[in-house]
Amino acid sequence: MREACIVPAHVRPEFLWLALERLEACEDRSAVTVFIDRGGVKENEEVLAHFPWAESYRRANHGTYGNSLNLLEAYRWAIECGAEQVFCVEEDVLVAPDFFRWHRAVQAAEPELFASIATRNLRQAIQVPPAPDGYYLAGYGFSSTGCCLPRRTIQAALEHTPVYYRNMRAYCLERFPASRFGDSWWEQDGLLLRIAEAGDARISWPCVPRAWHVGYFGYNRTGQGPQGGLEERVAEVRRAVTDSAAMAGGYGDTDAVPDEFAADWAALRRVEVRQ
């Protein structure tokens with residue numbers, strides 16, 4: 001296979017349902033495989049049964065903190081299956097219908113990219129024009145929420161494993177002592193962030209997002225999740241993530257997901273931004 005889409009998941013079936021719902025609506029969707037970390041929860045099976053087109057893999061319990069091992073080993077699986085580029089949509093990420101087409105167009109236009117990211121750049125204050133067909137390049141920042149990595153980037157990250165898994169924080173501090181990120185962001189996105197920084201990498205970002213990180217509860221969030229049965233909770237989360245006030249109250253560094261998306265674009269264009 002030339003490409004693959006991995007969906008790392010754990011114990012938030014409500015978000016997984018919505019993530020797969022959005023992926024189902026995508027144009028020219030890549031093959032999707034859900035990687036359930038540490039066995040997940042029983043309700044994940046209900047979600048997967050509702051979306052039978054998605055493949056799935058259950059990872060056994062392991063002692064590594066967070067989702068880094070599950071995500072990086074999912075990347076390894078994808079390139080070992082022959083993928084030249086791999087999309088990553090974490091379980092609490094919702095994508096636009098043209099998510100895959102946008103990434104493919106950017107990667108084709110910029111063949112030396114370290115990564116293309118479909119979410120808003122949260123690490124830089126950049127003045128970006130609201131151009132649906134526009135993208136810009138910025139070396140500072142990385143996000144695994146709605147990204148696409150070429151094989152060479154994945155290989156560069158996997159060179160640090162398995163030693164990195166043993167103590168991710170200590171590894172990042174020792175191997176990247178000059179990093180501006182210091183003692184922060186040392187899970188898998190922090191590792192990729194440092195690799196990009198050390199290599200002065202080129203990363204593309206959208207002028208108009210094609211993905212939204214909406215995980216306002218669970219994992220390392222303090223927000224309260226909804227109650228009730230699975231479908232009731234899915235409906236409540238669906239309502240919340242399209243409500244700007246609710247998102248600002250639960251998880252302040254994301255935008256609410258729009259009900260309607262920007263008009264379709266015919267061609268991609270690179271724009272210059274003020275950094």
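This passage describes the sheet, one helix and several backbone features of a predicted model.

The sheet is open and contains 9 strands. Their order is 3-2-1-4-8-6-9-7-11, and the pairing is mixed. Strand 3 (55-58) and strand 11 (269-270) form the edges, each pairing on one side only. Strand 1 (residues 3-9) runs parallel to strand 2 (residues 32-36), and 5 bridges connect the two. Within this pair, Ile-6 of strand 1 faces Thr-33 of strand 2 across the pairing. Helix 3 (residues 68-80) packs on the sheet. The strands touched by helix 3 are strand 1, strand 2, strand 4 (85-88) and strand 8 (147-150). The directions of helix 3 and strand 1 make an angle of about 160°.

Strand 7 (residues 134-137) has partners on two strands. Its pairing with strand 9 (residues 203-206) is antiparallel and spans 3 bridges. Leu-137 stands opposite Ser-204 of strand 9. With strand 11, strand 7 runs parallel, joined by 2 bridges. Here Tyr-135 has Arg-270 as its bridge partner in strand 11. In a regular strand, side chains alternate between the two faces of the sheet. In strand 7, both faces are covered. Gly-134 and Tyr-136 are buried on one side, and Tyr-135 and Leu-137 are buried on the other.

Helix 2 (42-50) has a buried side and an exposed side. Asn-44, Val-47 and Leu-48 are buried. Seen down the axis of helix 2, the buried residues fall within an arc of 95°, so they line one face of the helix. An α-helix has 3.6 residues a turn, so residues three or four places apart point the same way. On the other side of helix 2, Lys-42 and Ala-49 are exposed. The buried residues of helix 2 pack against four elements: helix 1 (13-24), strand 2, strand 3 and helix 9 (230-241).

Asn-44 merits a closer description. This residue sits in helix 2. Asn-44 counts as buried because its relative accessible area is 0%, against a cut-off of under 20%. Neighbours within four places in sequence aside, Asn-44 contacts His-10, Pro-13, Leu-16 and Ile-36. Of these contacts, Ile-36 belongs to strand 2, while Pro-13 and Leu-16 belong to helix 1.

Three loop positions carry backbone features of note. Most residues other than glycine have a negative phi, and most peptide bonds are trans. Arg-38 is not a glycine, yet has a positive phi of about 55°. Arg-38 lies in the loop between strand 2 and helix 2. This residue counts as partly exposed because its relative accessibility is 24%. Asp-200, also not a glycine, has a positive phi of about 50°. Asp-200 is placed in the loop that separates helix 8 (188-198) from strand 9. At 68% relative accessibility, Asp-200 is therefore classed as exposed, the cut-off being over 50%.

The third position concerns a peptide bond. The bond from Thr-161 to Pro-162 is cis, and its omega is near 5°. Pro-162 falls in the loop between helix 5 (151-158) and helix 6 (163-166).

Conventions: Residues numbered from 1 in each chain as written. Predicted model: local features only at pLDDT ≥ 70, side-chain atom pairs only at ≥ 80, totals over all residues. Heavy atoms only, no water. Pairing = 2+ DSSP bridges. Contact = heavy atoms within 4.5 Å. Axes fitted to C-alpha atoms, helices over the stretch in contact; angles between N-to-C directions. Buried < 20%, exposed > 50% of the residue type's maximum accessible area, 1.4 Å probe, protein only. Arc of directions from axis to C-beta.
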